[in-house]
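Trainee: I am new to this structure. Please take me through a single part closely, starting from the strands and working into the packing around them.

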Amino acid sequence: MSQMIYFSVCKYIPDLIRGESINIGLVVHYPHEERSEFIKPKNWKRISSFDDELDYDILKAVLENMEHQLTIKGTKNDKDIGTIKDAFLKKHLAFYVNNFQFGEILPLRTDNVKKEVSDLWDMYLYYEKPKNERISQDRVRALTRKIFNQYNIRENYKYIPDYENIFHQKPFDFTLRLRSKEVFIKALSFDYKQPERLLKEVKSVLFDIEEARQLGYEDIKIVINNTEFETDYEKMIYEILVKQKNIQVLTLSQLTDLITSGDAETGGNEQMSFLDM
């Protein structure tokens, strides 16, 4: 049976002026089950690399308190917990306004709650994913489409655009209107066990991009799986892609930031370089 759930992502923002943030948790409200839960991270490596001045005892205490406050069962604990609207989470998240903040509350209708929460995990708490659970290109494509649908921009994107390359293939996965501009989007996974396969795929992508540019399609974005670029071949491939003219490489998490950003036309995401590291 189809159910409506609501979720919001918790971000840690060390410096409110700079505004840089990292996802550190996820709250999910299940109205039909009359419960909510806060999912906190188990892997601290990503958080430590983001903020090396972090006081772990304080962070641990904050997250444990969130888990206590936001994991609720039954109408005896909250009469609104069975209400199918975002008012329940709005009420409980209103107090988080400083270094720990929750993003927009989003609704999801699903026939498979367990799979939906797993998808949210892949999109927002990706650094918790075991290395042996690889994310394929098809998975990146599916999660990209899910992000578009979550943020209610169905009228602004097209799945598998009509554009064809010289081999009469449709090489791009989406077109997306960002303000007045139509952007081609290609989904790509960096999560290959054999780097040679990724390199072969990237060569094909670059061929299609160059052909599209010659026909006047200038703005192209490549959406990849969330990754920490821990391997040399990931860094090398990333550098090759971002050196191409008018190409922006976005992780799934950065794609979400792009859609919710007020500066969506430029994306609001600077392309990093490993050459300076």
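Mentor: What follows starts at one strand, moves into the core and ends in a loop.

This is a predicted model, in which local features need pLDDT of at least 70, side-chain atom pairs count only at pLDDT 80 or more, and totals for chains, interfaces and linings use all residues. Residues are numbered from 1 along each chain as its sequence is written, and side-chain values use heavy atoms, with hydrogens and water left out.

Start with strand β2 (22–30). Helices and strands are DSSP runs, numbered from the N terminus; a helix is H or I with at least four residues, a strand is E with at least two. Is β2 enclosed or open? In β2, 9 of the 9 residues are buried, so the strand is largely enclosed by the rest of the structure. Buried means under 20% relative accessible area, exposed means over 50%, and partly exposed is in between (1.4 Å probe, protein chains only).

Now look at the partners of β2. Two strands pair if DSSP finds at least two bridges between them. β1 and β2 run antiparallel and are joined by 7 bridges. Here Y6 has H29 in β2 as its bridge partner. β2 and β3 also run antiparallel, with 5 bridges. On that side H29 stands opposite S36 in β3. So H29 can be followed both ways: to Y6 and to S36.

The turn is next. The hairpin of β2 and β3 has 4 residues between the strands. E34 is in this loop, ahead of β3 (35–39). Its phi is positive, near 50°, and E34 is not a glycine. E34 is partly exposed, with a relative accessible area of 33%. Just past the loop, R35 lies over the face of Y30, 4.0 Å from the ring centre. A charge sits over a ring if NZ of Lys or CZ of Arg is within 6 Å of the ring centre and within 35 degrees of the ring normal.

Step across to β1 (3–12). β1 and β6 are antiparallel and share 5 bridges. F7 stands opposite L106 in β6. In a regular strand the side chains alternate between the two faces of the sheet. In β6, L106, L108 and T110 make up the covered face, while P107 and R109 make up the uncovered one.

Now go inward. A nonpolar core is a set of buried Ala, Val, Leu, Ile, Met, Phe, Trp, Tyr and Cys residues joined through side-chain atoms within 4.5 Å. The largest one has 36 residues, and F7, L26, V28, F148 and L255 touch the most other members. Elements that give two or more residues to this core include β1, β2, β6, α5 (137–150) and α8 (252–260). The most comes from α4, with 6 residues. In soluble globular proteins, nonpolar side chains tend to be buried together.

What does V28 touch, leaving aside its neighbours within four places in sequence? V28 is in contact (heavy atoms within 4.5 Å) with I5, Y6, F7, R35, S36, E37, I39 and V117.

Follow F148 out of the core. F148, Y157, Y159 and F174 form one aromatic cluster. Rings of Phe, Tyr and Trp (its six-membered ring) pair if their centres lie within 6.5 Å; planes under 30 degrees apart count as stacked, over 60 as edge-to-face and the rest as tilted. By this rule there are 16 aromatic pairs. The charged end of R145 sits over the ring of Y159, 4.0 Å from its centre.

Another pair is Y163 with F184: the ring centres are 5.5 Å apart and the planes at 45°, so this pair is tilted. Y163 is in the loop between β7 (157–159) and β8, F184 is in strand β9, and the two are 21 residues apart. Both Y163 and F184 are buried.

Finish in that loop. N165 is found there, between β7 and β8. It counts as buried, at 4% relative accessibility. Beyond its neighbours within four places in sequence, N165 is in contact with P171, D208 and E211. H168 lies in this loop too. H168 counts as exposed, at 63% relative accessibility. It has a positive phi of about 60°, although it is not a glycine.
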